[in-house]
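Grab a coffee and open the viewer. Below are some short exercises, each with a worked solution to follow along on screen.

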Amino acid sequence: MTGPRQHSLRVGALRPNQLLHTYGVGSVADLPSLSVLTLGLAHWDPTYSGLVKEDRLLAALRRRLGEQVEHLRLPPHLPETSDPFAEWTRVGVPVTLFPTWLRCSDTRCNRLAPASSGLFDLLSSPYQPDRARYVHGCRGNGGSRPTAVPARFVLACANGHLDDFPWSYVAHGGADPGPGHSLKLTERGSTGEATNIFITCECGASRPMAVAIGRDAERTLPACRGRHPHLGTYGPCDAPTRTLALGATNSWFAMQLRVISLPRAEQPADQAVAEAWSALEPLAGLGADIAKQILPSLGCWATLRPYGVDRVWEAMRRRADAGSADDDTDDDTDLRRPEWLAFTSGRGVELSDFTTHPEPVPAQHQQWLRDVVLVPRLREVAALYGFTRIDAPEWEVLDTPDRRRAPLTVGRPTWLPCAEMRGEGIFLRLAEGRIVEWEHRPEVKQREQLLACSHDRWRTQRGLAPQPHPGPRYVLLHTLAHVLIRELALECGYSAAGIRERIYPGASEEPAAGVLLYTSAPDSEGTLGGLVSLGRVNRLGALVERALEAARLCSSDPLCAEHDPTVHARLSAAACHACLFAAETSCERGNHYLDRALLVDTLTDPGCGFFAG
């Protein structure tokens, strides 16, 4: 909970990477008997938050948020021990009670009031932090004090604001009755529907929750107060408010940027020196004897020690002679181009966080598949720089309007939370000549016009500025990635939700056509190799054939194959949950820009698929 550190109360536990993907700043976490909201970065104590170095990601975030962003940090953490009073119990992410209204769980009481009203007492124990709870003094069944649970509804708007539900305001028909009114929240049926939930006051006023939910709710609910409870601020807002159920999935959507860490050198010693160059650069101009004496006293020496003073010094001289310019901090806004170049270099790399092994292409797929690269070790860094409510951010998150992005702190942030994950993957590079030939087919051009028309309508409906359609090349690569994810999940030992995609479509002046399918975990050892093993030449060919065969017929055909995306302004055509859609954790575009017809022959559109015939 909030407050001075020496009086902080530990109320639960989350995995560090959950603080970026599920329960980040501004989100509501449901604990067994409490509901808490993660506070803004100004409330975090960075003492136990490790720094993460990823220059490409940091440069992209600076372009978006300003040059004042200096660091990326992991969530604060200390290893747990058996002592409930040790230092680790006081290290964590600060949270506050939200919603602040509680309801007595005794069905004969149902009292509804703010936690600050004095009607509820907080019970907690350092030995059982997950059992912290509020209780009401009404003495329910058995004479024990019943637990007070969080109120079931909150108020939110599309501009990222969140507030307590105006219980008294709604119960009294849109009027403020003033203090001294006692409220209850009761259910008069067994379905739990909003029409059966009533807010009643001791003065006799009573209204169902149904008046605050649905199309007519704007006439019942008050205007948005522009509240950011994670920051403790209020401000002007013209967006209409909406009632959300506590724990609703649309109450918080993360806005993240992700990169794959790339090597700065081909030798491990050179790579370690490159990563610590900001600390080593002042020594490069000194004499060898003096520099070697100073090296062991530097803070970065722990990572350099395995290579010895002499090898580190030689690597420093090579770095200094080559110049300290770092390609990772280039002004290029395309985060994927450097990754594409690293995967297609044709050379194997053997580093602790980036290992690649070129693999022969299966004979039956050599006409369209140019390269296969196994990636036994990779490191992914994801940074959280904002969030939205009600609607998910545009899947090109940098294109999401600023008015919709809720900030992580008051003012401009100087650091951002991140998570680093290690894993493995398979990179596939398609033959450029075959792609260009396919793109110029009349059937593909016609399909592209259909998808582009739907794309334009989709953006118009959401008030977004016009942008060109990603093109048939992207849709092809994206669809191929989805069918492969489904097939890989059957054999690799990881669930489909645990396999992610990264698409490399290139640009008109620098074309590319590649797909990285990978899995990663926050564990420092990464994953176990089940995915990479399926990329071997003796296994990949048959796997691809099975994936393409499964894509030709969907269990929802002919409805799926006949789907016209322009009817309802959809971004996907022949695609549905039965054939292509993947988990939110897997797809980089939220299951948009998918079409089986551009990949294989379907029942209604033969001839335009890349693998037609």
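Contact here means heavy atoms within 4.5 Å. One more thing before we start: this is a predicted model.

**Exercise 1. Find the contacts of threonine 344, leaving aside its neighbours within four places in sequence, and decide whether threonine 344 is buried or exposed.**

Solution.
- Step 1: go to the loop between α9 (337-343) and β18 (349-350), where threonine 344 has its place.
- Step 2: skip the neighbours within four places in sequence, and the contacts of threonine 344 are with Phe427 and Arg429.
- Step 3: buried means under 20% relative accessible area. Threonine 344 has 18% relative accessibility, so it counts as buried.

**Exercise 2. Do the same for proline 511: place, exposure and contacts.**

Solution.
- Step 1: proline 511 lies in strand β23, which covers residues 511-521.
- Step 2: the class between buried (under 20%) and exposed (over 50%) is partly exposed. With a relative accessible area of 39%, proline 511 is therefore partly exposed.
- Step 3: leave out residues up to four places away in sequence, and proline 511 touches Arg337, Glu432, Arg473 and Gly506.
- Step 4: now try a distance. From proline 511 to arginine 389 you get 36 Å, C-alpha to C-alpha, with their positions 122 residues apart in sequence.

**Exercise 3. Work out how many cavities of 30 Å³ or more the whole structure has, and what lines them.**

Solution.
- Step 1: searching the whole structure turns up two cavities of that size.
- Step 2: take the largest cavity, with a volume of about 50 Å³. Its lining is made up of Val28, Phe98, Val154, Leu162, Ala245, Leu246, Gly247, Ala248 and Ser251.
- Step 3: sort that lining by class, and you get seven nonpolar residues, two polar and no charged ones.
- Step 4: move on to the second largest cavity, of about 30 Å³. Ile426, Leu428, Leu484, Leu488, Leu517, Leu540, Leu543 and Val544 line this one.
- Step 5: ask which elements give two or more residues to the lining of the second largest cavity, and the list is β21 (415-430), α12 (472-491) and α14 (537-551). The most comes from α14, with three residues.
- Step 6: by class, the lining of the second largest cavity is eight nonpolar, no polar and no charged residues.

**Exercise 4. Describe two aromatic pairs, and say where in the chain their rings come from.**

Solution.
- Step 1: know what to look for. A pair of aromatic rings is described by the distance of the centres and the angle of the planes.
- Step 2: the count of aromatic pairs comes to 13. One of them is phenylalanine 343 with tyrosine 504, at 6.2 Å centre to centre and 70° between the planes, which is edge-to-face.
- Step 3: place these two rings. Phenylalanine 343 is in helix α9 and tyrosine 504 in strand β22 (residues 500-506), so the pair links distant parts of the chain, 161 residues apart. Both phenylalanine 343 and tyrosine 504 are buried.
- Step 4: tyrosine 474 and tyrosine 593 also form an edge-to-face pair, at 6.4 Å and 90°. Tyrosine 474 sits in helix α12 and tyrosine 593 in the segment after α14, 119 residues apart. Tyrosine 474 and tyrosine 593 are buried too.
- Step 5: look for a cluster, and you'll find ring pairs linking Trp340, Phe343, Phe354, Phe427 and Tyr504.

**Exercise 5. Find which arginine has its charged end over the ring of tyrosine 474.**

Solution.
- Step 1: centre the view on tyrosine 474, and the charged end over its ring belongs to arginine 589, 5.1 Å from the ring centre.
- Step 2: for another case, go to phenylalanine 198, where arginine 188 lies over the face at 3.9 Å from the ring centre.

How values were computed: Residues numbered from 1 in each chain as written. Predicted model: local features only at pLDDT ≥ 70, side-chain atom pairs only at ≥ 80, totals over all residues. Heavy atoms only, no water. Helix = DSSP H or I, 4+ residues; strand = E, 2+ residues; numbered from the N terminus. Buried < 20%, exposed > 50% of the residue type's maximum accessible area, 1.4 Å probe, protein only. 1 Å grid on protein atoms, 1.4 Å probe; cavity = no way out; pocket = protein on both sides within 12 Å on 5 of 7 lines; lining within 4 Å. Points joined across faces, edges and corners; volume = space filled by probe spheres on them. Nonpolar A, V, L, I, M, F, W, Y, C, P; charged D, E, K, R; others polar. Phe/Tyr/Trp six-rings, centres within 6.5 Å; stacked < 30°, edge-to-face > 60°. Lys NZ or Arg CZ within 6 Å of the ring centre and 35° of its normal.
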